[in-house]
Amino acid sequence: MVVEMLPRVRPREAQEFAIANFRLPIANFQRSRTQQIANRQLEISNMNVPLLDLQAQYASVRDGVQQAVERVLASQRFVLGDEVRQLEASIAEYCQTKHAVGCASGSDALLLALMALDVKAGDEVITSPFSFFATASAIVRLGARPVFVDIDPRSYNIDPARVSDAITPRTKVIMPVHIYGQCAPMDPLLDLGRRRGITVVEDAAQAIGATDNDRRAGSMGAMGCFSFYPTKNLGGAGDGGIVTTNDDQIAQRLRRLRTHGGANEYEHEEVGINSRLDELQAAVLNVKFQRLDKWSEERSRKAAVYSQLLNDADLSFPLITPQVRADGRHIFHQYVIRVPGNRDALMEHLKSHGVGTKVYYPIPLHRQQCFSNLGYKEGDYPESESAARDTFALPAYPELTEEQQVYVVETIKSFRP
Ligand SMILES: Cc1ncc(COP(=O)(O)O)c(C=O)c1O
């Protein structure tokens with residue numbers, strides 16, 4: 001591919017630019033770096049830009065991770081030991097909560113949180129249909145019913161204005177998902193929960209370090225559920241998860257539930273599950289945790305640069321960049337754009353030029369085959385269905401270079417629907 005055009009530079013934006021109150025000093029990037037890089041791009045016919053490059057991330061933490069893994073192997077203590085305790089303390093402090101309870105995955109974090117609230121058959125849990133499968137499966141596994149509420153089409157988060165209509169006498173929990181790393185608007189949800197006596201649990205699997213009015217994800221609801229899946233902003237070397245809470249009794253119950261419902265190995269007060277976080281995962285996560293804020297800042301910088309370049313580009317087709325709340329921190333677990341009518345063709349175009357992309361999520365939860373017995377149908381949640389049709393994620397990981405970003409944008413600019 002030959003890149004013909006440079007991104008436009010306006011003098012007003014030379015010192016800094018603002019995208020929905022997200023201000024970054026990018027004088028160097030905007031005027032000189034981009035220019036230099038784009039000039040060089042003229043000679044580049046193709047470039048490989050994967051959706052995510054975990055090998056590049058590993059290169060930056062290899063020594064620390066190897067030492068930590070060796071330390072665990074030398075100790076031969078593999079389950080719920082010092083590494084897990086250290087991680088739980090770090091995450092609790094980071095998320096501004098009193099407790100954090102490690103478990104085997106983000107999916108289990110959701111399951112354990114709902115178990116700790118005694119969610120059971122006959123109960124209803126209100127959540128978003130535009131999320132990863134585990135958000136709904138945790139509810140269904142306990143015999144309860146997921147009651148979906150459509151999303152706001154700009155943020156892709158649950159629309160709080162629609163939640164009160166979905167409340168019934170059976171509603172036990174409201175479970176917003178902080179999708180792509182940006183908090184759902186928590187105040188109206190918490191307010192509703194308080195007024196109607198309904199507990200709020202945050203599916204914060206994608207949002208570690210995100211904020212809503214200076215409150216960290218996972219600190220606002222009764223519990224926050226996080227995933228350490230390797231692709232997350234804080235990802236392990238396998239599966240892992242954690243539940244945050246300020247409630248002493250809930251924390252104690254979570255600790256019991258994750259070890260088969262028994263405070264002791266052979267005495268069980270209730271039936272729990274086996275969902276322990278292992279020491280190897282915690283050791284890796286303890287090392288990577290030191291970099292978390294830097295990585296999330298880098299992701300946000302990439303996002304701001306994409307939005308600047310894409311919004312300034314004279315595209316021949318509609319493309320909508322992510323909305324960033326002015327009153328929160330978006331950690332950009334994913335950078336997702338909306339391309340009405342042209343999504344699949346643009347993804348194909350990017351793929352043919354070496355750029356990795358992915359759809360999160362192509363089938364809204366109410367349209368999953370395994371939930372057909374719940375009685376939902378096409379058209380029930382039009383905003384989620386439209387987002388599932390029109391959106392996809394661009395590469396936006398910390399190690400992505402400016403050169404790669406310019407290449408991605410120039411490739412998008414060369415697309416003709
Ligand atoms: C919104 C959401 N909820 C729950 C999960 C489940 O986490 P895990 O994959 O660690 O089980 C994920 C992870 O992909 C997620 O993105």
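In this predicted model, the largest nonpolar core holds 47 residues, and the members touching the most others are I91, I126, V163, I208, F228 and L234. Elements that put two or more residues into this core are α3 (82–94), β5 (145–148), α6 (186–196) and α8 (279–289). Helix α3 chips in the most, with five residues. As for I91, once neighbours within four places in sequence are set aside, its contacts are A100, I208, F228, L234, I242, T244 and F289. There is also a second, separate core, this one of 32 residues, with A303, L309, L346 and V359 among them.

Next comes the ligand site. The ligand is surrounded by 16 residues, of which G106, S107, D203, S227 and K232 are the closest. Three of these closest residues can be described atom by atom. S227 brings a side-chain N or O atom to 2.6 Å from a ligand oxygen, while G106 uses a backbone N or O atom, which sits 2.8 Å from an oxygen of the ligand. For D203, the partner is a ligand nitrogen, 2.9 Å from a polar atom of the side chain. On its own the ligand has 380 Å² of accessible area, and the protein covers 92% of that.

Then there are the charged pairs. Side chains of opposite charge can pair when their charged atoms come close. Across the whole structure, a search turns up 26 salt bridges. One of them joins E269 to R256, with the closest N and O atoms 3.7 Å apart. This pair ties together distant parts of the chain, 13 residues apart: R256 belongs to helix α7 (248–257), and E269 to the loop between α7 and α8. Both ends are partly exposed, E269 at a relative accessible area of 47% and R256 at 23%.

A longer-range link comes from E297 and R329, whose closest N and O atoms are 3.1 Å apart. Here 32 residues separate E297, in helix α9 (residues 292–312), from R329, in strand β12 (residues 328–329). E297 is partly exposed at 39% relative accessible area, whereas R329 is buried at 18%.

The salt bridge between K413 and E410 is a local affair, with N and O 3.2 Å apart. Both residues sit in helix α12 (residues 402–413), three residues apart, or about one turn of the helix. K413 counts as buried at 14% relative accessibility, and E410 is buried too, at 4%. Finally, some salt bridges share partners, and these join D118, R253, R256, E269 and E270 into one network.

Key:
Residues are numbered from 1 along each chain as its sequence is written. This is a predicted model: local features need pLDDT of at least 70, side-chain atom pairs count only at pLDDT 80 or more; totals for chains, interfaces and linings use all residues. Side-chain values use heavy atoms; hydrogens and water are left out. A nonpolar core is a set of buried Ala, Val, Leu, Ile, Met, Phe, Trp, Tyr and Cys residues joined through side-chain atoms within 4.5 Å. Buried means under 20% relative accessible area, exposed over 50%, partly exposed in between (1.4 Å probe, protein chains only). Helices (H or I, at least four residues) and strands (E, at least two) are DSSP runs, numbered from the N terminus. Contact means heavy atoms within 4.5 Å. A residue is near a molecule or strand if one of its heavy atoms lies within 4 Å of it. A polar contact is a pair of N or O atoms within 3.5 Å; within protein, one must be able to donate a hydrogen and the other to accept it, and residues adjacent in sequence count only if both atoms are side-chain atoms. Accessible areas come from the Shrake-Rupley method with a 1.4 Å probe; for residues, only the protein chains shown count as cover. A salt bridge is a side-chain nitrogen of Lys or Arg within 4 Å of a carboxyl oxygen of Asp or Glu.
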